[in-house]
Amino acid sequence: MSLSNYLKSKVFFIQLAMAFGIILVLGFLLLQWISFSTNHGEEITVPNLAKMSVEQAEEKLDDADLDYVLLDTVDYVADYPKFSVVKQDPLAGDKVKKNRKIYLKINSSEFTSVRVPDLIERTLRQADPTLKSVGLVLGKITYKPYLGKDMVLEMKQNGKNLKPGDKVLKSSVIDLVLGDGKVGYDEEPVDSSDTN
């Protein structure tokens, strides 16, 4: 039988239909297997773990069939208890599969130390952003007689003088003593009796 006759024969069409049917069945079985192995349609809502201790978070994630990984501690956040969850990924409310890992960042036990920047002889306009950039807070401002207006003369914390480079805890309040700009150069008084 020639090829052209075979392609027109009933046997060819039966074999073609059987091959097509086998492909459909295999495709259907493959999709079912993928759906089963990936838990398709079975999603878990990620719980809110904010401010929980690691033990509390672990218990809550175990109840939800989720796992966790501790990434790192973050700089101390005053609004959160020590060693509690500050950040999580995925976020609370996200939908995930069973056994998904939730990545946690934990609050440190206290503020880290930072060095006081050198603000002496700088203006208040320069000092404020410099304090903020290292995590310090501008506190009370007082003035005393000095030629340079708004020039930083002293830095204090709780009444104690600070020097540039001193270590303080991050988020500490730094008070500044500034010049009022009302003093000119001292001139020696002229004694009128010396003039002859």
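Me: In this predicted model, what stands opposite E154?
Reply: V177, a residue of strand β11, faces E154.

Me: What makes β8 and β11 paired strands?
Reply: Pairing requires at least two bridges between two strands. Strand β8 (residues 152-157) and strand β11 (residues 173-179) are joined by 4 bridges, so β8 and β11 count as paired. The two run antiparallel.

Me: Which sheet do these strands belong to, and in what order does it run?
Reply: The sheet is open, has 4 strands and follows the order β7-β11-β8-β9, with mixed pairing.

Me: Why are β7 and β9 said to stand at the edges?
Reply: Each has a single partner strand, so β7 (137-144) and β9 (160-162) both have one side without a neighbour in the sheet. Between neighbouring strands of this sheet the turn is 35 degrees on average, direction ignored.

Me: How do you know how the protein compares with a compact globule?
Reply: The rule takes 2.2 Å times the number of residues to the power 0.38. For 196 residues, a compact globule would have a radius of gyration near 16 Å, but the protein has 37 Å. The protein therefore does not match the value for a compact globule. Along the principal axes, its C-alpha atoms fill a box of roughly 145 × 50 × 25 Å.

Me: What makes a residue count as buried, and what percentage of the protein is buried?
Reply: Buried means under 20% relative accessible area. Residues of this kind make up 25% of the 196 in the protein.

Conventions: Residues numbered from 1 in each chain as written. Predicted model: local features only at pLDDT ≥ 70, side-chain atom pairs only at ≥ 80, totals over all residues. Heavy atoms only, no water. Axes fitted to C-alpha atoms, helices over the stretch in contact; angles between N-to-C directions. Buried < 20%, exposed > 50% of the residue type's maximum accessible area, 1.4 Å probe, protein only.
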